[in-house]
Amino acid sequence: TSTGLCRRTTADLQRAVVAEQKATTVARFVEGMLTDLNPAIAPGSHAKILQGILDATVERVATELTTQPEIEAEMWSLIGNAYYDLGDFAKSAKMHGEALRVRRAIFGEDHRLVAASLNDLGNALTRQGDYREGLTLKRQALAIRRSRLGNEHAEVARTLTSLAETLTYQRELAEAEALQRQALGMQRKLLAEGHPDTFASLNSL
């Protein structure tokens, strides 16, 4: 019956929300551990320690979390961000590619976490000099975020800033500035005064 279908659909949605919350909780705990060894705040030998931790964690995620895909994807994303902070953009791209693969398998193409992985992978590829593919992935992320969140949202503004960065590398300065100003206007409207995203946009102009 339609009532039964509605109940099953609601239950499926509730399970999906719980699974995502669980993944976020576990991953944030690990993120806190990694932050303690972030090279930006722990220079020198600590960066080598972090590299070793990340390399070992990659092996564990690949073997121990395949039956928990939500947590697996979040871990790939966190590790990708950590490699990015270390300046290892090749490994960062690989990790974000894994996160994207798993998230697409879980959520399909049109989901905010898929958009996040597209944008993160685009950032890593941009820093490797693959501007064309980086731009393509970021435009895909922007389309998803606009579809899911509307044209005015903090995540949309963040993606516009990311796009502007890649366009700047390509020396497409007029389009980059236009997107950055669009992002800044959105951030001034939506975010608290002094928000880091707004500050970053101002610095980019």
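1. Before we look at helix H9, one definition: buried means under 20% relative accessible area, and exposed over 50%. Please keep in mind that this is a predicted model.

2. In H9, which spans residues 196-204, Asp197, Thr198 and Ser201 are buried. They sit on the same side of the helix because they cover an arc of only 100° around its axis. Pro196, Phe199 and Asn203, on the other side of H9, are exposed. Helix H7 (154-169) and helix H8 (173-190) are among what covers the buried residues of H9.

3. H7 also takes part in a salt bridge: glutamate 155 pairs with arginine 145, with 3.5 Å between the closest N and O atoms. Glutamate 155 belongs to H7 and arginine 145 to helix H6 (residues 131-149), so the bridge ties together parts 10 residues apart in sequence. Both glutamate 155 and arginine 145 are buried.

4. Now to the largest nonpolar core, where Met75, Trp76 and Ile79 touch the most other members out of 16 residues. Helices H2 (45-64), H3 (69-86) and H4 (89-107) each give two or more residues to this core, and H3 gives the most, with 8. Another core, of 12 residues, lies apart from it and includes Leu135 and Leu163.

5. H2 and H4 are also linked by a salt bridge between aspartate 55 in H2 and lysine 91 in H4, 36 residues apart; the N to O distance is 3.2 Å. Within H4, arginine 101 bridges to glutamate 98 at 2.7 Å, about one turn of the helix away. Glu72, Glu98 and Arg101 are linked in a salt-bridge network. The whole structure has 13 salt bridges.

Methods
Residues are numbered from 1 along each chain as its sequence is written. This is a predicted model: local features need pLDDT of at least 70, side-chain atom pairs count only at pLDDT 80 or more; totals for chains, interfaces and linings use all residues. Side-chain values use heavy atoms; hydrogens and water are left out. A nonpolar core is a set of buried Ala, Val, Leu, Ile, Met, Phe, Trp, Tyr and Cys residues joined through side-chain atoms within 4.5 Å. Buried means under 20% relative accessible area, exposed over 50%, partly exposed in between (1.4 Å probe, protein chains only). Helices (H or I, at least four residues) and strands (E, at least two) are DSSP runs, numbered from the N terminus. The arc is that of the directions from the helix axis to the C-beta atoms. Contact means heavy atoms within 4.5 Å. A salt bridge is a side-chain nitrogen of Lys or Arg within 4 Å of a carboxyl oxygen of Asp or Glu.
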